[in-house]
Amino acid sequence: MPRPGLFRSVFGRVTLSALLVSLLSTLALFLVVQKIVDDDGRAMLAREVDTDLAGLADIYLSSDVTELRARIADRLAMNREDGERSWYLLTDPAGRRLAGNLDRWPVIASEVSEARYITLPDGDRMFARATQLGTGARLLVGRSSYRGQALLGRLATAFAVAGAGIALLSLVAGHFAARRLRARVEVVNATFAAVRAGRIAARAPGAGGNDELAELAGNTNIMLDQVERLVEAQRAVSDQTAHEIRTPLMHLDTRILKAMESTQDVALLRTLDQSRGEIRGVVRLLDSLLDIAGTQAMRGDPRGLAEVDLSDIAESLADLYGASAEDMGIGFHARIAPGVRCRADPMQMTRLMSNLLDNAFKYVPSGGSIILELAPGPRIVIQDNGPGIPAADRERVFERYVRLDGARGGGHGLGLALARAIAERHILSLHVEDAAPGARFVLQPEVRDD
């Protein structure tokens with residue numbers, strides 16, 4: 001059977017799940033590291049800003065506003081080696097700027113000495129703290145977070161590269177692990193396919209290990225051993241039953257024959273002859289059932305099969321049925337390709353074709369026609385122009401004991417069931433189509449899923 005797609009395969013889903021878990025784990029780790037780095041960077045900026053703010057506040061308390069403005073100017077004139085930027089803003093009680101490099105007071109409360117990140121109009125981001133000076137003036141000190149942002153960028157790049165590497169390793173490891181697991185599961189599936197094809201002795205290798213798949217293989221073999229024992233027991237019971245039933249029936253037939261020889265009563269002779277006919281019918285029924293059971297049990301079993309010439313078999317049947325068709329007023333046409341050979345049981349293939357021909361002769365009235373075709377493949381077609389088979393019954397006719405109305409002569413409804421059993425044993429398909437009018441039985445190789 002075809003392999004399932006990636007998302008339908010258990011192993012594909014396991015591999016994708018492992019990939020997803022590795023990616024999510026990498027992302028979660030990055031978010032944790034990002035939070036730690038961000039918190040540490042904020043704490044570092046807060047300490048630097050608070051120290052600077054406290055120093056400027058002391059200058060204001062110990063001197064005056066002029067000295068504070070001078071010290072702010074000194075700080076702004078300094079070039080920091082680490083590339084960080086500083087922002088200052090000193091306003092009077094009316095909100096007018098007295099010193100600093102900010103044009104206006106940002107959204108930050110100086111009354112409670114609020115500290116927070118602020119995004120400036122030019123897009124720069126700073127961490128700032130504001131405080132209220134004693135005369136009603138306000139002072140703000142801020143620092144850029146370039147170092148923290150740069151560190152976070154490097155971490156993001158590192159985690160992205162690491163995540164890609166982990167994902168690749170997960171895919172490679174998952175692929176090889178899935179291939180190994182798939183191969184072991186396919187061995188078990190192949191065993192079931194072999195048993196389904198008739199090789200009841202097939203067993204799954206790999207049992208006896210110490211993992212779950214080895215346990216599955218072991219349980220599979222135990223189950224198949226049990227099935228084989230049941231099949232053998234059923235076969236033995238069937239054979240014994242056939243022998244035990246056939247023997248007394250044949251003895252009964254012999255006694256009836258002796259009774260017929262010892263009487264001249266015409267009515268009694270007629271009754272005894274009818275009894276013998278019913279006994280022979282029961283024996284034929286029993287033989288047909290055993291043939292069907294035996295043939296089904298040998299499905300896919302190559303024992304007893306040999307290279308045979310189907311053309312010779314078909315020619316012999318055509319000669320035999322051609323003579324019968326002429327006596328019955330039925331047109332019989334044979335189109336047999338020469339040299340059609342296949343590996344088969346010659347007796348069973350003869351039985352199969354004769355059962356299909358018998359079925360056609362049962363339903364075709366005098367004046368009708370029957371066609372026997374044999375082509376390479378092999379492909380065997382037996383077609384008639386009788387009443388045909390309703391669509392609802394075209395599969396049911398292959399079941400046991402099914403007989404449609406209009407059949408000529410007796411029968412137990414087992415001929416087509418045996419024909420299909422023989423076809424299945426030879427890995428052939430047998431189906432019926434509408435011949436418009438009539439029925440067309442087609443025998444050809446099975447279409448098998450690989």
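**Figure 1. Asp-309 caps the N-terminal end of helix 6 in this predicted model.** A side-chain oxygen of Asp-309 lies 2.9 Å from the backbone nitrogen of Ser-311. Helix 6 covers residues 310-328. Its 19 residues reach 26 Å from the first C-alpha to the last, close to the 27 Å expected at 1.5 Å a residue. Just after helix 6, Gly-329 takes a positive phi of about 75°.

**Figure 2. The buried residues of helix 6 and the elements they pack against.** Which residues of helix 6 are buried? They are Leu-310, Ser-311, Ile-313, Ala-314, Leu-317, Ala-318, Tyr-321 and Ala-325. These buried residues pack against helix 7 and against four strands: strand 6 (306-309), strand 7 (331-336), strand 8 (341-344) and strand 9 (369-375). Ser-311 is listed among the buried residues, and its backbone nitrogen is the one approached by the capping side chain of Asp-309.

**Figure 3. Asp-345 caps the N-terminal end of helix 7.** Here a side-chain oxygen of Asp-345 lies 3.0 Å from the backbone nitrogen of Met-347. The 18 residues of helix 7 should span 26 Å at 1.5 Å a residue, and the end C-alpha atoms are 26 Å apart, so the two values agree. The buried residues of helix 7 are Gln-348, Met-349, Leu-352, Met-353, Ser-354, Asn-355, Leu-356, Leu-357, Asn-359, Ala-360, Phe-361 and Tyr-363.

**Figure 4. Helix 7 passes helix 8 in a left-handed crossing.** The axes of helix 7 (residues 346-363) and helix 8 (residues 415-425) come within 9 Å and cross at roughly 145°. Which residues make the contact? Helix 7 contributes Gln-348, Arg-351, Leu-352, Asn-355, Leu-356 and Asn-359. Helix 8 contributes Gly-415, Leu-416, Leu-418, Ala-419, Ile-422, Ala-423 and Arg-425. By class, the contact has seven nonpolar, four polar and two charged residues. On the helix 7 side, Gln-348, Leu-352, Asn-355, Leu-356 and Asn-359 are among the contacting residues and are also among the buried residues of that helix.

**Figure 5. Asp-92 in the loop between strand 1 (86-91) and strand 2.** Is Asp-92 buried or exposed? Asp-92 counts as buried because its relative accessible area is 11%, under the 20% cut-off. The side chain of Asp-92 reaches the backbone nitrogen of Ala-94 at 3.0 Å. Leaving aside residues up to four places away in sequence, Asp-92 touches Leu-98, Gly-136 and Ala-137.

**Figure 6. Two residues that are not glycines have a positive phi: Ser-113 and Ile-427.** For Ser-113 the phi is about 50°. Ser-113 lies in the loop between strand 2 (97-100) and strand 3 (115-119), and is partly exposed, with a relative accessible area of 29%. For Ile-427 the phi is about 55°. Ile-427 has its place in the loop between helix 8 and strand 11. With a relative accessible area of 24%, Ile-427 is partly exposed.

**Figure 7. Cis peptide bonds at Pro-378 and Pro-437.** One cis peptide bond joins Gly-377 and Pro-378, with omega about -10°. Where is Pro-378? Pro-378 is placed in the loop between strand 9 and strand 10 (379-384). Another cis peptide bond joins Ala-436 and Pro-437, with omega about 5°. Pro-437 lies in the loop between strand 11 (428-434) and strand 12 (439-445).

**Figure 8. Ser-62 in helix 1.** Helix 1 covers residues 10-62, and Ser-62 is found in it. A polar atom of the Ser-62 side chain lies 3.3 Å from the backbone oxygen of Ile-59. Ser-62 counts as exposed because its relative accessibility is 59%, over the 50% cut-off.

**Figure 9. The whole protein chain, for context.** The chain has eight helices and twelve strands. Buried residues make up 37% of its 450 residues. Of the contacts in the chain with a separation of 6 or more, 63% are accounted for by residues 24 or more positions apart.

Conventions: Residues numbered from 1 in each chain as written. Predicted model: local features only at pLDDT ≥ 70, side-chain atom pairs only at ≥ 80, totals over all residues. Heavy atoms only, no water. Axes fitted to C-alpha atoms, helices over the stretch in contact; angles between N-to-C directions. Helix = DSSP H or I, 4+ residues; strand = E, 2+ residues; numbered from the N terminus. Left-handed = near helix turned anticlockwise from the far one by under 90°. Contact = heavy atoms within 4.5 Å. Nonpolar A, V, L, I, M, F, W, Y, C, P; charged D, E, K, R; others polar. Expected span 1.5 Å × (residues − 1). Buried < 20%, exposed > 50% of the residue type's maximum accessible area, 1.4 Å probe, protein only. Polar contact = N/O pair within 3.5 Å; in protein donor to acceptor, adjacent residues only side chain to side chain.
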